[in-house]
Amino acid sequence: VLYQICSHPELIDFFASDLKVLNEQTIIRKSDTLIKPDRIVLTSKGEAMLVDYKTGEPNSKHQKQLETYEQALERMDFRVIKKALVYIGETLKIVTL
């Protein structure tokens, strides 16, 4: 499964070797709430990409969760250029946003 994710054509940019990766890093928001994106990928240009891994069926609350992560990163002056939900199950399903 790991190889399928890392080599998937829709996810290849998220796994380039020249990027800074933050896995499971806690972000403290102004409201004192904590969020923890599964994977944040940072470029040298101040851009960010987000990946969140899920099990089960796609759900609109998962997209909302990624939007919350995006807003937090934008408040830190990163420009989010790509977002993806990766559903892991019997088959791999990618939802790019």
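Tutor: Before we begin, contact means that heavy atoms lie within 4.5 Å. This is a predicted model, in which local features need pLDDT of at least 70 and side-chain atom pairs count only at pLDDT 80 or more, while totals for chains, interfaces and linings use all residues. Residues are numbered from 1 along each chain as its sequence is written, and side-chain values use heavy atoms, with hydrogens and water left out.

Student: In what order do the strands of the open sheet run?

Tutor: Helices (H or I, at least four residues) and strands (E, at least two) are DSSP runs numbered from the N terminus, and two strands pair if DSSP finds at least two bridges between them. Strands of a sheet pair through backbone hydrogen bonds, either parallel or antiparallel. Here the open sheet has five strands with mixed pairing, and their order is E1-E4-E5-E6-E7.

Student: Which strands are the edge strands?

Tutor: An edge strand of this sheet pairs on one side only. That description fits E1 and strand E7, the latter covering residues 92–96, and the edge strands are therefore E1 and E7.

Student: How many bridges join E6 to E7?

Tutor: A hairpin leads from E6 to E7 through three residues, and Ala-84 stands opposite Thr-96 in E7. On its pairing with E5, by contrast, E6 runs in the parallel sense over nine bridges, with Val-80 of E6 as the bridge partner of Ala-48. E6 and E7 run antiparallel, and the number of bridges joining them is five.

Student: Which element gives the most residues to the largest nonpolar core?

Tutor: A nonpolar core is a set of buried Ala, Val, Leu, Ile, Met, Phe, Trp, Tyr and Cys residues joined through side-chain atoms within 4.5 Å, where buried means under 20% relative accessible area, exposed over 50%, and partly exposed in between (1.4 Å probe, protein chains only). The largest such core has 13 residues, and those with the most contacts inside it are Ile-27, Ile-40, Leu-50 and Leu-73. Strand E4 (39–42), E5, helix H2 (60–75) and strand E6 (79–88) are the elements that give two or more residues to it. With four residues, the element that gives the most is H2.

Student: How many residues are in the other core?

Tutor: Apart from the largest core lies another one, which includes Ile-5, Leu-19, Ala-84 and Ile-94 among its members. The number of residues in this other core is 10.

Student: Is Leu-11 buried or exposed?

Tutor: Leu-11 lies in the loop between helix H1 (2–7) and strand E1 (20–23). Leaving aside neighbours within four places in sequence, Leu-11 is in contact with Ile-5, Ala-84, Val-86 and Ile-94. Because its relative accessible area is 0%, Leu-11 is buried.

Student: Why does Lys-54 count as buried?

Tutor: Lys-54 is found in strand E5, residues 47–55. Not counting residues up to four places away in sequence, Lys-54 touches His-62, Gln-65, Leu-85, Val-86, Tyr-87 and Ile-88. Lys-54 counts as buried because its relative accessibility is 14%.

Student: What is the distance of the polar contact that joins the side chains of Lys-83 and Glu-70?

Tutor: Lys-83 has its place in strand E6 and is buried, with a relative accessible area of 11%. A polar contact is a pair of N or O atoms within 3.5 Å; within protein, one must be able to donate a hydrogen and the other to accept it, and residues adjacent in sequence count only if both atoms are side-chain atoms. For the side chains of Lys-83 and Glu-70, this distance is 2.7 Å.
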